[in-house]
Every structure is written in C-alpha cells, then in structure tokens.
Amino acid sequence: MVALALKQEAPLAGAALDIDDVSHHFDIDGKLLPVLDHVSLNAKPGEFVALLGPSGCGKSTLLRLVAGLEPPRSGSLTEDGRPIKGPHPSRVVVFQDPTLFPWRTVWKNVALGLEAQGIIKSQRPRVDAAIELVGLSGFANAYPHQLSGGMAQRVSLARALVNDPQILILDEPLGKLDSLTRLSMQTEIVSLWQRNGFTTLLVTHDVEEALFLAQRVIVFSDRPASIKADITVDTPYPRHRGDAYLAELRQQILGLLGLDATW
Amino acid sequence: MSSASNSEFTLPQSAEEGAAFAGANWPPLATLLAGSTGLLAGLAWAAFGLVSLLLPDVEAGDWSQTRNVGAAALGIAAAIAILSLGAPWFGRVGAGLRKRAPWLLLLGLLLTVWELATAKFGWLPLPFFPPPQAIVEVYTDDLPKLAASVWASVKLQLGGYAIGALLGFVTGVSIGWSVAVGYWIHPILRFIGPLPATAWLPIAFFTFPSSWSASTFLIALATGFPVTVLTWSGVASVSNAYYDVARTLGAKPSFLVLKVAIPAALPHVFVGLFMGLGASFAVLVVAEMIGVKAGLGWYLQWAQGWAAYANMYAALIVMSLLCSGAITALFRVRDGLLIWQKGVVKW
Ligand SMILES: Nc1ncnc2c1ncn2[C@@H]1O[C@H](COP(=O)(O)OP(=O)(O)OP(=O)(O)O)[C@@H](O)[C@H]1O
Ligand SMILES: [Mg+2]
C-alpha cells in the first residue's frame, strides 16, 4: 500500500474522458460488421462509470478504442481534451482475459508497466505494494501456470494499478473470481478508486456489481451498441447491497436489458 | 573351465530376473530385487572379465589390451557389487547405481557375449567385428590422433553452429517482426532453405579460401535454416493480446521485440536449435570426410581406408557421445530458460 498511500500527498485527479459520436465496424471477409453506433459518453475526472450490455454488443471494442489500441472509424475520443492517438500508460486496461506473460513470474508481470516505461529500478516497492494489495504476497515468484484463474485475474489487476493510471479501464475484471473473492474485490476497488481518484470505466455483466460500484451506469443496446440509458446512481459510499434504492434501479436496468420477467 | 560355468551360472539367473520383472506384482518385488539386480549386474561384468582373462584369444587375434580389459571388467564388477549391496551407505551414488542396475546387467551380458563371439570363438568374422579389447586398444594406442580429431570436429562444429544459430535467430526475428524484411528475405529463404546444405559442398570448397571456412559456412547454413524458420513462426504466432497488454502499459517497439516477441517465441526457437543441431552434425561429418582432412569424419574415412574397423567403432562411439552431449547441453540451456513452461520433454 506504500505507493498507493503516497498518492494521497499529491492527490491526482483522474482525467476527463470524452467519447464523441463514435462509430466502429469490423471487416470480416469483406463484410462489414457494425459494432458501435454513434456512441457519445462523457466521464468527469474521477468519475466511476459502469457499462452494461448484452454479450457481443461491443463493450470491449469501445474499451479498446478508449485505450488507444485501435482508432475509431468515425467520431473522436479525447482525454482531458487531448485526442487519444495511441495507447498511453495513463490509461491502463485490465483485460477480460488476464493475459499474464507465462514466462514471467507474478512479480515480473506486475512490474511490466514500470519496466516498459524504464522506471522500474527506482520503483520496486510499488510492485511489492501492488502485489500485497491483491493479496498475493506469497506468490511473487510463482509462474502464471501455477495460479488459479482468480489469482491470475488479481495479478492482472495489480499489473494495472501499479502504474497509477488516470483512467482505469476494467473489462469484466472480476468475471473469473469466486463469489466471495468477488465481493471483497468489489469493496477493494471502491476504496482504491476513492483513494486514488482515477476515472474508472468498468464493463460488467453483473447488474448488482455495477450498482454497487459505479456513480453512473450506461446500458447498451444489442450490436451495434448504442446507448440505451444513462442512469445516475445517486447514493453515497459505502453502499449496502440490500439498499432499497439500488434494488429499484436494478429492476429498472434488468427491464432495459429485457430481463424484467425473470425477477 | 570354471569361468565358463560361471557365465552359464549367470545367464539363467538373469532370465529369471527378467521374468520376475515382467511379473504382475512387480512394484514390491522390484524394491526387494533392487539390490539383487545390482549383484547380478556385478556377476555379469565379472563373467565378462573372467571370459577375457581365462579363455585364449583366437589365432588371428593380436590384442595387447585383453588382460587390462579383463582386469578392468573385474574391477567394475566388484565396484557394482559393493555399491549395490551397500547402497544405503553410499548415498546418491548408491541410489544412482541401483537405478541403473538393470542397464548395467544388460551391458555386462552383451559385453560377455560380444567377447565370446569375437575374441574367443570367432563366430563373427574379423576384422569387421573387433572385440571390446581392440576398441580399447584404439583409445590407448591411437589417442593423440583421435583427440586431435575430436578437437578439430568440436571447433568446426561449435563455430559453424554458433554463427548459424545467431544469424538464423536474428533473421527469424526480423522476418517475423518486419513486413519489409519479410518481403525480401522470405523468397530467398524459400528458394535456398530447403536445399540440403551438403548440395553446396562442391561449390563451397572451391569458392571459399579454405576448406575450414567452407565447412563452417555449410554447417552454419544447415543450422540457420531451421532456426530461422522456427524463430520466425514463433514470433509470428505470438498472440496479439500480449502486445496489447504491453502497449497499454507504455511499451515501445524495442520492448515489444525484446521482452514480448522473443520470450514468447523461445519455445519454437529451441525446436529450431535442436533441428539445426541434428542437421549440422550430418554436414560436419560429410564435410570432414570430403574436404577438411581433420576431425572425426575424416578419422572414420581414414580408418575405413586402412580397414581399421576397430578405429571406426572407437570413433563412432566418441562421435555419438559428443552429439548426445551437445544435445544434452542444449536441453539443459532450454530447461533453464523455459522453466516457466510445464511439461517440457526431458532428454
Ligand atoms: N478483431 C475483431 N475482428 C472482427 N470482429 C471483431 C473483432 N473484435 C470483436 N469483433 C466483433 O465485434 C463484436 C463485439 O465484440 P466485443 O468483444 O466488443 O463484445 P462485448 O460487448 O465485449 O461482449 P462480451 O460481453 O461477450 O465480452 C462481436 O460480434 C465480435 O465478433
Ligand atoms: Mg467483452
């Protein structure tokens, strides 16, 4: 927690994210597959936004555009007013798959970002702190094939957090965790976010998770994804899972996702 | 004749032993027999020693090392027997010997039969099938020439292999990484690569200034092709997800090549290095036979010219140990570097 505690001395607000009229499609053997349909979305500095939507609608694609891994076919994305032209360590992604480097130990995996930026020599304690944060101190020297799926996911979270991002992009980061770890990691993410103030974009399939964590929940339509609803979750942290207000919102969101009959 | 009865006494014993091993309930039996297999191995080696010492060599035979070989075999027999009986007191050496006891037994038996079939009864025609002592004699009497040949081979092989492996690796990474490099190198690779390196032999020997440089070139060529192709395919098959992760964390292109592409491709690279090693051995021997006039290949050729068959076998044994040793060394390096992989083949 050393580095993350250090952050408090110089509170670094997250960056503002502006997604303006973005559309995107893929070419599959000459056939166009539209994936994003005029998506516009603003996140204020330090805001926590959750994205919900049917599987395959284009959520991960939108996150890739925000990360700068691909340029959008039309529309624009900006971070604090600067156009996003490529990846930058101020926007780190926790991918849907942990994608740990199998030839690196847990420690070296977490150190990846600092090493890539050439600052690892002076920043080693940050790596230790991030590993401790996700509860894997005993596994610093383990190789990815020696980890469980949930542990791998936590390593990938630590690998992102160690970079002190201004925008944290989470693509179903807790999808592979057992429900108990999942709950404690949710709490952990909230406190990390509160402490560090990064802007957070979270894709999840879990409506309750979105409501427990986020200040705003965006609901997408089927592919090609367009924004169906933008719901503000106006209740303070720490939140309670049984909250009547949250239950009401959940009902509303499930309705938007076409699942109202089942609950 | 006591030795003959001794060896006859050994054989049926070992047959029972083999039968027992094939038996259904062999794990507990095996632990019980662990010590006695070693003892039987000792007896087999003793039989070899006694046969060598006590039976007269055939008329045509003129071998100076018969007595020494027999004495050495008896010494080995005693060592095996003592070590296997006292295995618990000899720690790792004892345990290692017990593990190898069945092989030692088989070796002892084969040597005994070999000795009988060649030196003692002449069942196999001389000089094509020399007895063990004739081969030992090569190692004692022709050592300087053999050692010089080994040294020449090792030098040539190491030089050519290192050059070929390095160039192949660099070429493979470049093709895998850069489309522009691939555009120019790929056709050349397709055109020249599949050609057996030995096909270049006649050209190489008159275009290069020395037969040594020509051979180095050929060995490097034989090594380089598989290393290039496998490195290339390794780099090309690295999942884009790894690059995405590294890029979002701020990696520059050099980091992507050195810290992502190359480590991810390393398992393929080692397959290429392994294949290149095999190919280069073949080229080495042919090059030495035809052009270099030094090294083990040349020694083989020379021995054949003089109908010195014992020398050929002696050189073959050394060659096989060297090749096997080279592969072992390569696998050691691989195991060290690829410790993160599970289930790598043990050599
Ligand atoms: N590189 C690609 N090339 C072609 N099509 C792609 C590519 N990546 C994604 N797609 C397509 O784009 C669509 C949206 O994919 P995306 O991964 O964004 O969905 P998602 O909303 O994240 O789904 P899930 O919730 O299941 O992860 C899918 O139909 C997929 O087939
Ligand atoms: Mg997805």
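**Briefing: chains A and B**

Helix α5 of chain A, residues 124-133, has buried residues at Arg126(A), Val127(A), Ala129(A), Ala130(A), Ile131(A) and Leu133(A). Gly135(A) follows α5(A), with a positive phi near 75°. The model is predicted. Beyond this helix, the points below cover a magnesium site in chain A, a nonpolar surface patch in chain B and the domains of chain B.

**Magnesium site, chain A**

- Ser60(A), through OG, and Gln96(A), through OE1, coordinate the magnesium ion (ligand 2) at 1.9 to 2.4 Å.
- The two residues are 36 residues apart and link distant parts of the chain.
- Ser60(A) sits in helix α2 (residues 59-67) of chain A, while Gln96(A) sits in the loop between β6 (91-94) and α3 (106-110) of chain A.
- Ser60(A) counts as partly exposed because its relative accessibility is 26%.
- Gln96(A) is also partly exposed, with a relative accessible area of 36%.

**Nonpolar patch, chain B**

- Phe121(B), Trp123(B), Leu124(B), Phe128(B), Phe129(B), Tyr313(B) and Leu316(B) make a nonpolar surface patch of about 700 Å².
- One of these residues, Trp123(B), lies in the loop between α4 (91-120) and α5 (132-141) of chain B.
- Trp123(B) has 59% relative accessibility, so it counts as exposed; the cut-off for exposed is over 50%.

**Domains, chain B**

- The domain assignment splits chain B into domain 1 (29-125) and domain 2 (143-340).
- The C-alpha centres of domain 1 and domain 2 of chain B are 39 Å apart.

Technical notes: Residues are numbered from 1 along each chain as its sequence is written. Chains are lettered from A and ligands numbered from 1 in the order in which they are written. This is a predicted model: local features need pLDDT of at least 70, side-chain atom pairs count only at pLDDT 80 or more; totals for chains, interfaces and linings use all residues. Side-chain values use heavy atoms; hydrogens and water are left out. Patches are made of residues with over 30% relative accessible area and no salt bridge: like charges are joined within 9 Å, nonpolar side chains (Val, Leu, Ile, Met, Phe, Trp, Tyr) within 5 Å. Accessible areas come from the Shrake-Rupley method with a 1.4 Å probe; for residues, only the protein chains shown count as cover. A salt bridge is a side-chain nitrogen of Lys or Arg within 4 Å of a carboxyl oxygen of Asp or Glu. Helices (H or I, at least four residues) and strands (E, at least two) are DSSP runs, numbered from the N terminus. Buried means under 20% relative accessible area, exposed over 50%, partly exposed in between (1.4 Å probe, protein chains only). Donors are N, O and S atoms within 2.8 Å of the metal (3.2 Å for Na, K and Ca); water is not among the atoms, so sites may look incomplete. Domain bounds come from an automatic or database domain assignment.
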